[in-house]
Amino acid sequence: MKLTLKIWRQKNAKSKGNFETYQMDNVSPEMAFLEMLDALNKRLVEEDKDPVAFDHDCREGICGSCGMYINGHPHGPIPAITTCHLSMRFFKEGQTVWIEPWRAKPFPVIKDLIVDRTAFDKIQIAGGFISVNTGAAPEANNILIRKKDSDNAFDSAICIGCGACVAACKNASAMLFVSAKISQFALLPQGKVEAIDRVRAMVAKMDEVGFGNCSNTGACEAECPKQIKLTNISRMNREYFKAY
C-alpha cells in the first residue's frame, strides 16, 4: 500500500513548525500505525535525516503517551482506540494521512509530534490522591459499596490521561480528565474524607495552568479512547458546588 504522509515537523517550542511530505511504499495493512512511523524513521536515519519525534511507551493502549492528531481526530479516525492500537488496514491505497501534535496552549510542542503534558501532572499532584491512612487492605466485605458506584468508579479510573479530550475540545478544556480523576474518588468511601479539598484544589489548578472551560459540544467524550463519559463532568460540578 502506498501512502502520502503530511507530518508536522517542529524543532522545539520556540521554532515555527510546518508540514513535510513523505511518500511511503509497501505499507502492510497488518502494520500498526506506530510501526509505520518506525519504518519511516528507519528510512530517514539511513538517509542521514532527522527522524520524526513522537511519544510512545507501552504500545498496549494503557499509558496514553502515543497521542497525536491523525486526519483530524485524536488517535485517528477509529473510535475508542489509542494510536498504538490503530491498524494500517483502516487506511486506503493512495490515501493522504495528516499527522499533527495535540493543539492546546497548556500542551506546548516539545518537538514534532511530542507535546509537554506535565499540566496534567500538576492537576493530579494538586489533589488526585488519598493522603489519609487507610491501613492494610481490608477484608472485601468490611465496607459495602453499591455495585453501581463501584462500576462507575472503575469506569472513571480507566482514564489514561492521554490528553485526547483536550485536543478534541475547541476550548482546550480538561474537564473530562479532571472530572474522571475526581469521580473515581468521590464515588468510594475512602475518597469522601478529602472530597472538598480535592475538588477545590484540582479545579483551581486546572484553571491556573490554562485549560479552557467546557464547550458543551461533547467532543471530548466522542474522541476519548477509553470512552470516559460526560456524566463525570456533571458529578465534578456537583462536588464543586457542594464544596462551597
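Biologist: What makes up the lining of the largest pocket, by residue class?

Modeller: In this predicted model, the lining of the largest pocket divides into 5 nonpolar, 5 polar and 3 charged residues. The lining has 13 residues, and R117, F120, D121, I160 and G161 lie nearest the centre of the pocket. The volume is about 210 Å³.

Biologist: Which element supplies the largest share of that lining?

Modeller: Helix α2 does, with 4 residues. Both α2 (118-127) and α5 (175-186) supply at least two residues each.

Biologist: What is the class make-up of the lining of the second largest pocket?

Modeller: There are 2 nonpolar, 3 polar and 8 charged residues in that lining. The second largest pocket has a volume of about 160 Å³. It is lined by 13 residues, with R9, Q10, K11, E20 and D112 closest to its centre. Strand β2 gives the largest share of this lining, 3 residues.

Biologist: How do you know that C165 is in no disulfide with C159?

Modeller: A disulfide needs two cysteine sulfur atoms within 2.5 Å. The sulfur of C165 is 6.4 Å from the closest cysteine sulfur, that of C159, so the pair is too far apart for a bond. C224 is in no disulfide either, with the nearest cysteine sulfur, in C162, 6.2 Å away. The count for the structure is 0 disulfides.

Biologist: Why is C165 called buried?

Modeller: The cut-off for buried is under 20% relative accessible area. C165 has 9%, and therefore counts as buried.

Biologist: What about C224, buried or exposed?

Modeller: The relative accessibility of C224 is 9%, which is under 20%, so C224 is buried.

Biologist: What makes β1 a mostly covered strand?

Modeller: Strand β1 covers residues 3-9, and 6 of its 7 residues are buried.

Biologist: How do you know that β1 pairs with β2?

Modeller: Pairing requires at least two bridges. β1 and β2 (residues 18-24) have 7 bridges and run antiparallel, so they count as paired. In one of these bridges, L3 has M24 of β2 as its partner.

Biologist: In which sense does β1 run with β5?

Modeller: Strands β1 and β5 (residues 96-100) run parallel, joined by 4 bridges. The bridge partner of L5 in β5 is V97.

Biologist: Why are β3 and β4 called a pair?

Modeller: The requirement is at least two bridges. Strand β3 (residues 69-70) and β4 have 2 bridges, in the antiparallel sense, so the requirement is met. Y69 stands opposite P74 in β4.

Biologist: What is the order of the strands in the sheet?

Modeller: The order is β2-β1-β5-β3-β4, in an open sheet of 5 strands with mixed pairing.

Biologist: Why are β2 and β4 called edge strands?

Modeller: β2 and β4 (73-74) each have a single partner strand, so one side of each has no neighbour in the sheet.

Biologist: Which residues have the most contacts inside the largest nonpolar core?

Modeller: They are F107, V166, V178, M206 and F211, in a core of 35 residues. Two or more residues of this core come from each of α2, α4 (164-168), α5, α7 (195-208) and α9 (231-242). Helix α5 gives the largest share, 6 residues.

Conventions: Residues are numbered from 1 along each chain as its sequence is written. This is a predicted model: local features need pLDDT of at least 70, side-chain atom pairs count only at pLDDT 80 or more; totals for chains, interfaces and linings use all residues. Side-chain values use heavy atoms; hydrogens and water are left out. Buried means under 20% relative accessible area, exposed over 50%, partly exposed in between (1.4 Å probe, protein chains only). On a 1 Å grid over the protein atoms alone, a cavity is a set of points where a 1.4 Å probe fits but cannot get out, and a pocket is an open set with protein on both sides within 12 Å along at least five of seven lines; lining residues have an atom within 4 Å of a point. Grid points are joined across faces, edges and corners, and a volume is the space filled by probe spheres set on the points. Ala, Val, Leu, Ile, Met, Phe, Trp, Tyr, Cys and Pro count as nonpolar, Asp, Glu, Lys and Arg as charged, and the others, Gly among them, as polar. A nonpolar core is a set of buried Ala, Val, Leu, Ile, Met, Phe, Trp, Tyr and Cys residues joined through side-chain atoms within 4.5 Å.
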